[in-house]
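The following account leads the reader through a structure, from its principal opening to its sheets and its interior. Please keep the sequence and the model in view while reading.

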Amino acid sequence: DQHAADYHLGNIRIPKAKLWWPHTHGDQPLYTVQVLFRSSDNAYESRVDTAFGVRTVSSETGAASKSFTLKINGHPIFLAGGNWITTDQFLRFSNSYQRYYNELTLMANAGFNSIRVWGGGITETRQFYQAADEVGMLIYQEFWMTGDNNGRFAGDYDWPNDHGSYTRNVRDVIRKLRNHPSLAFFGGGNELYPTSKSPPRDVG
């Protein structure tokens with residue numbers, strides 16, 4: 001953090017931008033932005049190319065039913081999905097966009113339009129999210145907490161051991177994934193209960 005700074009690059013307008021949708025509701029147009037930083041003496045430069053989609057995500061709770069409704073671009077989406085626990089436990093193919101694309105396409109063909117990435121696993125990779133953007137799969141990404149070791153069934157309610165390190169990792173993950181239109185929302189973790197104890201207030 002001591003060597004980092006935030007810069008506002010201004011507003012970017014996209015004429016007649018096309019909206020990104022889950023595959024059950026429309027197309028998945030993607031755009032690319034290129035950002036170039038150059039030192040004042042022109043000795044150093046760094047360039048980043050980032051793909052993104054244009055969409056909004058919102059939610060509401062029904063007054064009578066108390067049910068959760070997710071909206072994409074203001075339109076209610078019926079979520080049909082399943083659980084994702086790292087499909088390659090040794091992460092041998094974790095940099096394979098094609099493997100992720102094939103697996104997510106299989107799930108889309110089975111009727112899924114959403115996936116929950118389990119909190120007892122990992123934050124999925126850029127390749128995973130790139131594939132999800134292309135396929136049109138909505139992703140619910142949980143952070144790395146689970147009742148298995150977070151006090152509910154075992155362990156301690158004060159977990160994780162280093163709260164500062166945990167929150168810095170959370171911040172980095174949000175920055176890394178925030179431009180992916182497939183990312184619908186983040187969740188604190190898996191089976192964290194009671195909410196008065198888990199997660200700890202300073203990390204929840």
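The lining of the largest pocket in this predicted model divides into 15 nonpolar, seven polar and eleven charged residues. The lining comprises 33 residues, and those nearest the centre of the pocket are Val48, Thr50, Arg175, Arg178 and Asn179. The space within this pocket amounts to about 1,400 Å³. Which elements supply at least two residues each to the lining? They are the strands β1 (31-38) and β2 (45-52), together with the helices α2 (126-135) and α3 (163-177). The largest share belongs to β2, from which six lining residues come.

The pocket may now be placed within the architecture as a whole. The protein contains three helices and nine strands. Read from the N terminus, the elements follow the order β-β-β-β-β-β-α-β-α-β-α-β. Along the principal axes, the C-alpha atoms occupy a box of roughly 55 × 45 × 40 Å. Of the 204 residues in the protein, 31% are buried.

Two open sheets deserve separate attention. One of them consists of three strands in the order β3-β4-β5, and its pairing is antiparallel. Its edges are formed by β3 (57-61) and β5 (75-77), each of which pairs on one side only. From one strand to the next, the twist in this sheet averages 40 degrees. Within it, β3 is joined to β4 (residues 68-72) by five bridges, and the two strands run antiparallel. Ser59 has Leu70 of β4 standing opposite. The connection between β3 and β4 makes a hairpin, with six residues between the strands. In the turn of this hairpin, Lys66 adopts a positive phi of about 60 degrees.

The other open sheet has four strands, ordered β6-β7-β8-β9, and here the pairing is parallel. β6 (81-84) and β9 (183-187) are the edge strands, each with pairing on one side only. The twist of this sheet averages 20 degrees from one strand to the next. Four bridges connect β7 with β8 in a parallel arrangement, and Val117 has Gln141 in β8 as its bridge partner. The pairing of β8 with β9 is likewise in the parallel sense and extends over four bridges. Here Ile139 is matched with Leu183 in β9.

Why can strand β8 be described as largely enclosed by the rest of the structure? The term buried applies to residues under 20% relative accessible area. Four of the five residues of β8 (residues 138-142) are buried, and the strand is therefore largely enclosed by the rest of the structure.

The interior can next be considered through its nonpolar residues. In soluble globular proteins, nonpolar side chains tend to be buried together. The largest nonpolar core of this model has 24 residues, and those with the most contacts inside it are Trp84, Leu104, Ile115, Phe128, Met137, Ile139 and Tyr166. At least two residues of this core come from each of α1 (97-109), β7 (114-117), α2 and α3. The greatest contribution is that of α2, which gives five residues. Helices α2 and α3 thus recur in this description: each supplies at least two residues to the core, and each also supplies at least two to the lining of the largest pocket. Ile139 likewise appears twice, as one of the core residues with the most contacts and as the bridge partner of Leu183 in β9.

There remains the question of enclosed space. How many cavities of 30 Å³ or more does the structure hold? There is one, and the largest cavity has a volume of about 50 Å³. Its lining is formed by Thr86, Thr87, Asp88, Leu91, Phe93, Ser94, Arg99, Tyr100 and Glu124. These lining residues divide into three nonpolar, three polar and three charged.

Definitions and conventions: Residues are numbered from 1 along each chain as its sequence is written. This is a predicted model: local features need pLDDT of at least 70, side-chain atom pairs count only at pLDDT 80 or more; totals for chains, interfaces and linings use all residues. Side-chain values use heavy atoms; hydrogens and water are left out. On a 1 Å grid over the protein atoms alone, a cavity is a set of points where a 1.4 Å probe fits but cannot get out, and a pocket is an open set with protein on both sides within 12 Å along at least five of seven lines; lining residues have an atom within 4 Å of a point. Grid points are joined across faces, edges and corners, and a volume is the space filled by probe spheres set on the points. Ala, Val, Leu, Ile, Met, Phe, Trp, Tyr, Cys and Pro count as nonpolar, Asp, Glu, Lys and Arg as charged, and the others, Gly among them, as polar. Two strands pair if DSSP finds at least two bridges between them. Axes are lines fitted to C-alpha atoms, for helices over the stretch in contact, and angles run from 0 to 180 degrees between N-to-C directions. A nonpolar core is a set of buried Ala, Val, Leu, Ile, Met, Phe, Trp, Tyr and Cys residues joined through side-chain atoms within 4.5 Å. Buried means under 20% relative accessible area, exposed over 50%, partly exposed in between (1.4 Å probe, protein chains only).
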